[in-house]
Amino acid sequence: DGDFHKMHNATGLWACRTLYHPLTGLQYEENVCVDPDRPVFTSDDCGCCGDECPVVCECPCEDDGSGRDLVKVMFTKMDEETGVEMAEEKCVPAGFAPTNADRAECVVCR
């Protein structure tokens, strides 16, 4: 999916990628984290879409014994049987910054 950080747990650069819906052909933009050492797509513009970069999640999860730093993220998904959207909190590696494609948002610590 072109998201360098999620694939390699490394630092990348934000790019605004222009995509087209496969059924409607409508154009839309999506923030992606790209490998700074590889060429970008011709549909990529440096920086974030609309100057709004995704925010890195910071609310820590309890230690799961893996030795990794984890943060809380709330993912939204569609239940295929009922068609109802459901939210599920998960712990992901620190440094995660949700984009539109992730259907997720950072959990705010209280």
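**Close-up views of the predicted model**

**View 1. The pairing of strand 4 with strand 5.** Strand 4 (residues 70–78) and strand 5 run antiparallel, joined by nine bridges. One bridge pair links Met 78 with Glu 85, the latter in strand 5. The model is predicted. Strand 5 (residues 85–93) has the highest mean pLDDT among the elements of the protein chain, at 89.

**View 2. The open sheet of three strands.** The strand order is 5-4-6, and the pairing is antiparallel. Strand 5 and strand 6 (104–106) form the edges. Each has a single partner strand, so one side of each lacks a neighbour in the sheet. On average, neighbouring strands of this sheet are turned by 30° against each other, direction ignored. Strands of a sheet pair through backbone hydrogen bonds.

**View 3. The N-terminal stretch and helix 1.** Helix 1 (residues 4–8) has the lowest mean pLDDT among the elements, 45. The pLDDT stays below 50 over residues 1–9. Beyond near neighbours in sequence, this stretch makes 24 contacts in the model. Where pLDDT is low, the predicted coordinates should not be read in detail.

**View 4. The whole protein chain.** One helix and six strands make up its elements. Along the sequence they follow the pattern α-β-β-β-β-β-β. The mean pLDDT is 81, and 89% of the residues reach 70 or more. Of the 110 residues, 30% are buried. Among contacts with a separation of 6 or more, 44% join residues 24 or more positions apart. The protein chain exposes about 8,000 Å², with carbon and sulfur atoms supplying 51% of that area.

Definitions and conventions. Residues numbered from 1 in each chain as written. Predicted model: local features only at pLDDT ≥ 70, side-chain atom pairs only at ≥ 80, totals over all residues. Heavy atoms only, no water. pLDDT = per-residue confidence, 0-100. Helix = DSSP H or I, 4+ residues; strand = E, 2+ residues; numbered from the N terminus. Contact = heavy atoms within 4.5 Å. Pairing = 2+ DSSP bridges. Axes fitted to C-alpha atoms, helices over the stretch in contact; angles between N-to-C directions. Buried < 20%, exposed > 50% of the residue type's maximum accessible area, 1.4 Å probe, protein only. Areas by Shrake-Rupley, 256 points an atom, 1.4 Å probe, with all protein chains shown as cover.
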